[in-house]
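Colleague: I have the model open and want the reasoning behind its labels. Take me through them one at a time.

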Amino acid sequence: MLYYQPQFDLASGRIIGAEALLRWRHPELGLVLPSRFIAIAEQSGLIIEIGAWVLNEACRQMQLWRSTGLGDLMISVNVSPLQFQRDVIETDIINALDASGLPASALELELTESLLIQDSSTISALLHRLRGLGVSFSIDDFGMGYSNLGYLKRFEVSRLKIDQSFIRRLTDDKHDEAIVRAIIQMTTSLQLVTIAEGVEGESTLARLVELGCHEGQGLHWAPALPSEEFLEFATKRWSMSEIPSGPEAVATSPEAFVR
């Protein structure tokens, strides 16, 4: 099943989209997180079928929300390098968009640095074709892998996701703050967007705004939510009658509440 974590514009407090996060509802183990089963799925090849299902379900759900008044939100979907290596990702994306009716511009693929550093002509050409469809790309967990800055330009990346390990210690560790500041400054210079993962407190949010970070997600706003709870969460945000100032500012209508 998919859970959805809201993503926000830090300057206005507006909801701009959601990240689709995979969960496994096991009859005995309960809700199993992907860290326990994704590696096995990749080793067995089942990630191909799982990945296709995730794309279809995420696109279907987001288009349903958009068509019922939730606004022009985006959906971010994590993809496995194996989906690219097996040359199925392009077909899966086209099928998911066609079946759901979701505009390609509303779909973002979260890529791993391990995929991009392969630097193969096949992957480069594939990403170029997907970009031509209107799909956008972000780099997940930026700063944790081999950060070859050349691929930011070569693969036309739109967003960098700053890893939550840096964000959670942002206000307590000067080294983490220096890393986050450097990533934001570099990204801004390249006219890209930074999104911070794992924002958990008001002080962290305030510091991110000061540093110029553009977007964020985390427990400060909401955990990853089942689809029904995500819709309820977004609806409640819209129905608020008071509009706080600063990072927590929200809008009062779906039209004003989205990017």
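Colleague: Why is Ser100 called buried?

Modeller: First, a caution: this is a predicted model. Buried means under 20% relative accessible area. Ser100 has 17%, so Ser100 is buried.

Colleague: Where is Ser100 found, and what is it in contact with?

Modeller: Ser100 is found in helix H4. Leaving aside neighbours within four places in sequence, Ser100 is in contact with Cys59, Arg60 and Gln63. The side chain of Ser100 also reaches the backbone nitrogen of Leu102, at 3.1 Å.

Colleague: What makes that a polar contact?

Modeller: The cut-off is 3.5 Å between N or O atoms. The pair in Ser100 and Leu102 is at 3.1 Å, so it falls within the cut-off.

Colleague: And Cys59: buried or exposed?

Modeller: Buried. Its relative accessible area is 0%, and the limit is under 20%, so Cys59 qualifies. Cys213 is at 6% relative accessibility and therefore counts as buried too.

Colleague: How many disulfides does the structure hold?

Modeller: Zero. A disulfide would need two cysteine sulfur atoms within 2.5 Å.

Colleague: Turn to helix H9. How do you know that its span agrees with its number of residues?

Modeller: H9 runs over residues 174-189, which is 16 residues. At 1.5 Å a residue they should span 22 Å. The end C-alpha atoms are 22 Å apart, so the two values agree.

Colleague: Which residues of H9 are buried?

Modeller: Asp176, Glu177, Val180, Ile183, Ile184 and Thr187. They cover an arc of only 130 degrees around the axis, which puts them on the same side of H9.

Colleague: Why would residues a few places apart share a direction?

Modeller: An α-helix has 3.6 residues a turn, so residues three or four places apart point the same way.

Colleague: What covers the buried residues of H9, and what does the opposite face carry?

Modeller: The cover includes strands E7 (136-142), E8 (159-162) and E9 (193-196), along with helices H8 (164-167) and H10 (202-211). The face turned away from the buried side carries the exposed residues Lys174, His175 and Ser189.

Colleague: What makes Asp173 a cap?

Modeller: A side-chain oxygen of Asp173 lies 2.8 Å from the backbone nitrogen of His175, at the N-terminal end of H9. That is within 3.5 Å, so the distance fits a polar contact.

Colleague: What is notable about phi just after H9?

Modeller: Gln191 takes a positive phi of about 60 degrees. Most residues other than glycine have a negative phi. Gln191 lies in the loop between H9 and E9. At 75% relative accessibility, over the 50% limit, Gln191 counts as exposed.

Colleague: Which loop holds Asp87, and why is Asp87 called exposed?

Modeller: The loop between helix H3 (81-85) and helix H4 (89-100). Asp87 is at 52% relative accessibility; exposed means over 50%, so Asp87 counts as exposed. Asp87 is not a glycine, yet has a positive phi of about 60 degrees.

Colleague: What makes up the largest nonpolar core?

Modeller: It has 66 residues, and those with the most contacts inside it are Ile75, Leu107 and Leu109. Helix H2 (residues 47-70) gives the most to this core, with seven residues. Leaving aside neighbours within four places in sequence, Ile75 is in contact with residues including Tyr4, Ala58, Met62 and Leu102.

Colleague: Last one. Why is Glu228 called exposed?

Modeller: Its relative accessible area is 60%, over the 50% limit, so Glu228 is exposed. Glu228 sits in helix H11 (residues 227-239). Glu228 and Tyr3 are 225 residues apart in sequence but 9.6 Å apart in space, C-alpha to C-alpha.

Technical notes:
Residues are numbered from 1 along each chain as its sequence is written. This is a predicted model: local features need pLDDT of at least 70, side-chain atom pairs count only at pLDDT 80 or more; totals for chains, interfaces and linings use all residues. Side-chain values use heavy atoms; hydrogens and water are left out. Helices (H or I, at least four residues) and strands (E, at least two) are DSSP runs, numbered from the N terminus. The expected span of a helix is 1.5 Å times one less than its number of residues. Buried means under 20% relative accessible area, exposed over 50%, partly exposed in between (1.4 Å probe, protein chains only). The arc is that of the directions from the helix axis to the C-beta atoms. Contact means heavy atoms within 4.5 Å. A polar contact is a pair of N or O atoms within 3.5 Å; within protein, one must be able to donate a hydrogen and the other to accept it, and residues adjacent in sequence count only if both atoms are side-chain atoms. A nonpolar core is a set of buried Ala, Val, Leu, Ile, Met, Phe, Trp, Tyr and Cys residues joined through side-chain atoms within 4.5 Å.
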